[in-house]
Amino acid sequence: MCGIFAYINHGIIRDRKFILETLVNGLKRLEYRGYDSAGVAVDGKSSDDKTYPTVLIKQRGKVKALENKIFESDLLDFEAEFSSHTGIAHTRWATHGVPNEINSHPQRSDDNYEFVVIHNGIVTNYKTIKTFLESHNYEFESETDTEVIAKLIKYLWDNREKEDISFITLVERVIAQLEGAFALVFKSRLFPGQCVATRRGSPMVIGISSKSKLSTDNIPIMYSSYASREAASFQAASFQQQILGNLLQQEENIANNTKEAVRVERLSSTAELFPENESKGIEYFFASDASAIIEHTKQVIFLEDGDVAGVVDGGLSIHRLKRGKTNEPTTRAVLSLQMEMQQIMKGNYSSFMQKEIFEQPESVVNTMRGRMLWEEKRVVLGGLMDHISDIKRCRRMIIIACGTSYHSALATRQLLEEMTELPVMVELASDFLDRKTPIFRDDVCFFVSQSGETADTLMALQYCKNRGSLTVGITNTVGSSISRLTECGVHVNAGPEIGVASTKAYTSQFIAFVMFALMMSEDRLSKRARYNDIYEALQELPARIKEVLALDDEIKKLSENLHNNKSLLVMGRGFNYATCLEGALKIKEITYMHSEGILAGELKHGPLALVDVNMPIIMIIAKDQVYSKLQNALQQVVARHGRPIVICEEGDEECAKFASHLLQVPHTVDCLQGVLNVIPLQLLSFHIAQLKGLDVDFPRNLAKSVTVE
């Protein structure tokens, strides 16, 4: 949920102002991941030109507040120059401890700032480690789980068995004791110019910029013998005993200086990436997301779970505590990002959310580009081709997701069942895990996530992989954990989505599932007429979306009548029930207004009690197989003095008789009508939030990428 950014320059002279501006701008790109507090750590003024004290600047609030504090400070010489420097920065979404300066990151190891660390994720065993460290007289000042990590590396340094222990070795020893999901970046005044980063369950990407050719495009992984030996020693111990036992064993080994002292054995000490012409220098950028890196470089390395990346004297090496499966890659490749800088800029729009709503005619085209073979009337999803026969033979399909991604699956479930004639389950990842749902080898499990890093969805993915099912990823982020861990999948190509409230990713996920349904049924004669109708409707869809967006002014006027209300009901059924849920979620997310998506078929079973003249109600009524049932529901609402706003198709005279306000959208095939019907709700939530003076892109208490449970 938090945003991590680090900048390391080696052999390239940069002044402190440039370094701080780079760190702050990196945080601004990551602010969607958390924005209740932020902080940076850089080198301070040197007394001997060899060692530099670490300076921490932290501030509650958004990155802009931190930026003001930094550049209004008179404690720093902004013109001081560094040929080698490590700076780290963090924007926080609070999990442990309220948002304030003390709980903000970076967290420090001691009053001398010997080690500082930034962290995205949750350490689940931090209380056990904290108890151990407190028993050794280490004092804590924050409420965070992250401070435990800073104190633990300090403990290991204080009790080191030899003076020349490396920074990377210390970090490896730290993560061997940690449980949970995390991405970490460490900086130390004891190791100037060095930086060490690691990940387990939370994303981390490294950007590389140099005017010289790089020494390699594939960095060999080096392994440690430490973790496997320790794991064997404490295999039978309880969880708490393992942690305390490992630490106490290290303490005993160090004290006795025995042959069993912890050591790290490397396959090679020279397997690293560096510029071939070292006089031209090199820069590294560590980040939670590639959007923070793209303005600096397109050359990146995506770290895998368990990787420890270290920059020492300008060289980058990658380490792991233990070997994995026999077919596990033994290198990490330098890749080229396809993202462009203008994709993550607002342009002429007032917010990213508004920009992303209006990008949907283009984003759905990008989702279909190269996959919808219009002249041949075929669908080719290249990422699924090697496994399509297995999918067609499956027993059932299970789609697992959270939030908006869950709604995109729910919106297309009816079509998937119709076109495949297979049972389709749609599951919330958290509930799926809580129930320990039975999974079989002939199931096909889909995992849907805009970021590809959603923690609950990733845990569900691992659960299904362990039970032998075929796993399919549907994501918007190339190189994400879900895209790498699944056997096959579809990248929805919606483009970067910065606003916390998802808009264009929803419609692109929707289209991806529709294309999949067509691909599964293209050889069925009984489905051919339906196939052709949907195919033609997809070709016209971008133009229909533009027509809906032309209603923006009308929707803005409507929002003026709604923004002072405390609650809002959204009703529908059939293909549009998911539209109601998604629209209600958007309203909740960015307007802070209570909103509920209601299945119109359940109206008489409780929700009708909420209906009166003062309750704002939106009804979605499409001319599909449940049209007559929705007309009945509309009349029931009106009979209770309700004044419904109706989203319907153009020319619907029946709805016009009963609606207090009519929003007419173009007609399309029933299974795609939800794409058009959700856009007025996206716009409505946007305008209500603006009228309330709220931050549309960064709603309170939320973050874009949910990387913790």
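Let's start with strand S11 (residues 282-287) of this predicted model. Six of its six residues are buried, so S11 is largely enclosed by the rest of the structure. Cover comes from both faces: Ile-282, Tyr-284 and Phe-286 are buried on one side, and Glu-283, Phe-285 and Ala-287 are buried on the other.

Which strands pair with S11 in the antiparallel sense? Strand S1 (residues 3-15) does so over six bridges, and strand S9 (residues 205-209) does so over five bridges. Along S1, Ile-8 stands opposite Tyr-284 of S11. From S9, Val-205 has Ala-287 as its bridge partner in S11.

**A parallel sheet and its helices**

Further along the chain there is an open sheet of five strands with parallel pairing, in the order S20-S19-S21-S22-S23. Strand S20 (424-428) and strand S23 (488-491) stand at the edges; each has a single partner strand, so one side of each is left without a neighbour in the sheet. On average, neighbouring strands here are turned by 20° against each other, direction ignored.

Within this sheet, strand S19 (residues 396-401) and strand S21 (residues 443-449) pair in the parallel sense over five bridges. Arg-396 stands opposite Asp-443 in S21. Two helices that pack on the sheet are set out here.

| Helix | Strands touched | Angle between directions |
|---|---|---|
| H11 (residues 403-420) | S19, S20 and S21 | about 175° with S20 |
| H13 (residues 455-466) | S19, S21 and S22 (470-475) | about 165° with S21 |

**Nonpolar cores**

Which residues have the most contacts inside the largest nonpolar core? They are Phe-516 and Leu-538, in a core of 90 residues. Helix H15 (residues 504-521) supplies the largest share of this core, with twelve residues. Not counting residues up to four places away in sequence, Phe-516 touches Leu-381, Leu-384, Ile-388, Ile-391, Met-397, Leu-416 and Phe-446. Another core lies apart from this one; it has 36 residues, among them Tyr-7, Phe-78, Phe-285 and Phe-698.

**A helix with two sides**

Now look at helix H3 (residues 126-135), where the buried residues are Tyr-126, Thr-128, Ile-129, Phe-132 and Leu-133. Why do they lie on the same side of H3? They cover an arc of only 160° around the axis, which puts them there together. Lys-127 and Thr-131, on the other side of H3, are exposed. After H3 comes Asn-137, whose phi is positive, near 70°.

**Two buried residues to visit**

Ser-317 is found in strand S14 (residues 315-320). Is Ser-317 buried or exposed? Its relative accessibility is 7%, so Ser-317 counts as buried. Its side chain makes a polar contact with the side chain of His-319 (2.8 Å). Leaving aside neighbours within four places in sequence, Ser-317 is also in contact with Ile-168, Ile-219, Met-222, Ala-271, Glu-272, Val-308, Ala-309 and Gly-310.

Cys-648 sits in strand S27 (residues 645-649). With 1% relative accessibility, Cys-648 counts as buried. Cys-648 touches Ile-621, Cys-655, Leu-662, Leu-663, Gln-664 and Val-665, not counting residues up to four places away in sequence. For Leu-663, the separation from Cys-648 is 15 residues in sequence and 6.3 Å in space, C-alpha to C-alpha.

Note on methods. Residues are numbered from 1 along each chain as its sequence is written. This is a predicted model: local features need pLDDT of at least 70, side-chain atom pairs count only at pLDDT 80 or more; totals for chains, interfaces and linings use all residues. Side-chain values use heavy atoms; hydrogens and water are left out. Two strands pair if DSSP finds at least two bridges between them. Helices (H or I, at least four residues) and strands (E, at least two) are DSSP runs, numbered from the N terminus. Axes are lines fitted to C-alpha atoms, for helices over the stretch in contact, and angles run from 0 to 180 degrees between N-to-C directions. Contact means heavy atoms within 4.5 Å. A nonpolar core is a set of buried Ala, Val, Leu, Ile, Met, Phe, Trp, Tyr and Cys residues joined through side-chain atoms within 4.5 Å. Buried means under 20% relative accessible area, exposed over 50%, partly exposed in between (1.4 Å probe, protein chains only). The arc is that of the directions from the helix axis to the C-beta atoms. A polar contact is a pair of N or O atoms within 3.5 Å; within protein, one must be able to donate a hydrogen and the other to accept it, and residues adjacent in sequence count only if both atoms are side-chain atoms.
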